[in-house]
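Let's take a walk through this structure together. Have the sequence and the 3D view ready, and follow along as we go from the whole chain to single residues.

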Amino acid sequence: MASESVPYLARLKPLITAKLAVWGLVTKTTVFPDLARICPDFLSEVEAVEAIVEKLSSEQRTLLALRYQEGLSWDKIAMELGVGRRIVYEMHSAILTVLAYDFGIL
């Protein structure tokens, strides 16, 4: 019952965020080669995320890189982008929605 009160996209956010986290780990300058051996499906996930990320605006790609590749906090991302933290949250939420549609889960 409790999950029914949570909006559908909100329930998908952890899944999509996990995909972005894996993408960030694998696309960093320091690649974790063992990840491909342990879970080969991760590489196809990373390629899928990469293809979708390429469709995003440069500002959206920057936000994802700052968060998932460089590991910056939301406040630091807001400073880097020259916007307020709320705008960063809204941008991130919009990106998650795009990813959900492109992954075919929304």
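Accessible areas here come from the Shrake-Rupley method with a 1.4 Å probe. With that in hand, we can say that the chain exposes about 6600 Å², and that carbon and sulfur atoms supply 58% of this area. Buried residues make up 31% of the 106 residues in the chain.

Keep in mind that you're looking at a predicted model. The mean pLDDT of the chain is 77, and 73% of the residues reach 70 or more. Confidence varies from element to element: helix α1 (residues 2-5) has the lowest mean pLDDT, at 50, while α6 has the highest, at 96.

What is the chain built from? The secondary structure comes to seven helices and zero strands, so to speak a plain run of α-α-α-α-α-α-α when you read along the sequence. As for how the chain comes back on itself, take the contacts between residues at least 6 apart in sequence: 59% of them join residues at least 24 apart.

A good place to step inside is helix α5, which covers residues 58-69. Its buried residues are Gln 60, Leu 63, Leu 64, Ala 65, Leu 66 and Tyr 68. Just after α5, Gly 71 takes a positive phi of about 75°.

Now look at how α5 sits against helix α7, residues 85-102. The two pack at an angle of about 100°, with their axes 10 Å apart. That makes α5 roughly perpendicular to α7. On the α5 side, the residues that meet α7 are Glu 59, Gln 60, Leu 63, Leu 64 and Tyr 68; on the α7 side they are Val 88, Met 91, His 92 and Ile 95. By type, the residues of this contact divide into six nonpolar, two polar and one charged.

Let's zoom in on one member of that contact, Gln 60 in α5. Is Gln 60 buried or exposed? Its relative accessible area is 19%, and the cut-off for buried is under 20%, so Gln 60 counts as buried. Leaving out residues up to four places away in sequence, Gln 60 touches Met 91 and Ile 95.

Another residue of α5, Leu 66, is buried too, with a relative accessible area of 7%. Beyond its neighbours within four places in sequence, Leu 66 is in contact with Gly 71, Leu 72, Ile 77 and Glu 80. The C-alpha atoms of Leu 66 and Ile 77 are separated by 6.5 Å, though the two are eleven residues apart along the chain.

Ile 77 also takes us to helix α6, where it is one of the residues that meet α7. Helix α6 (residues 74-81) packs against α7 at an angle of about 100°, with the axes 8 Å apart. These two helices are therefore roughly perpendicular to each other. From α6, the residues in the contact are Trp 74, Asp 75, Ile 77, Ala 78 and Leu 81; from α7, they are Arg 85, Val 88, Tyr 89, Met 91 and His 92. Sorted by type, that gives seven nonpolar, one polar and two charged.

His 92 deserves a look of its own. This residue of α7 is buried, with a relative accessible area of 9%. Which residues does His 92 contact, apart from its neighbours within four places in sequence? They are Thr 17, Leu 20, Leu 63, Tyr 68 and Trp 74. Elsewhere in α7 is Thr 97, which counts as partly exposed at 23% relative accessibility. Thr 97 and Ile 16 are 81 residues apart in sequence, yet 9.0 Å apart in space, C-alpha to C-alpha.

Last stop: Trp 23, in helix α2, which runs over residues 8-27. Trp 23 is buried, with a relative accessible area of 3%. Not counting residues up to four places away in sequence, Trp 23 touches Val 46, Val 49, Glu 50, Val 53, Leu 64, Ala 65, Tyr 68 and Gln 69. With Glu 50, the C-alpha separation is 7.5 Å, across 27 residues of chain. Tyr 68 is worth finding once more, since you'll have met it in the contacts of both His 92 and Trp 23.

Technical notes
Residues are numbered from 1 along each chain as its sequence is written. This is a predicted model: local features need pLDDT of at least 70, side-chain atom pairs count only at pLDDT 80 or more; totals for chains, interfaces and linings use all residues. Side-chain values use heavy atoms; hydrogens and water are left out. Buried means under 20% relative accessible area, exposed over 50%, partly exposed in between (1.4 Å probe, protein chains only). Helices (H or I, at least four residues) and strands (E, at least two) are DSSP runs, numbered from the N terminus. Axes are lines fitted to C-alpha atoms, for helices over the stretch in contact, and angles run from 0 to 180 degrees between N-to-C directions. Angles under 35 degrees count as roughly parallel, over 145 as roughly antiparallel, 65 to 115 as roughly perpendicular and the rest as oblique. Contact means heavy atoms within 4.5 Å. Ala, Val, Leu, Ile, Met, Phe, Trp, Tyr, Cys and Pro count as nonpolar, Asp, Glu, Lys and Arg as charged, and the others, Gly among them, as polar. pLDDT is the predictor's confidence in each residue, from 0 to 100.
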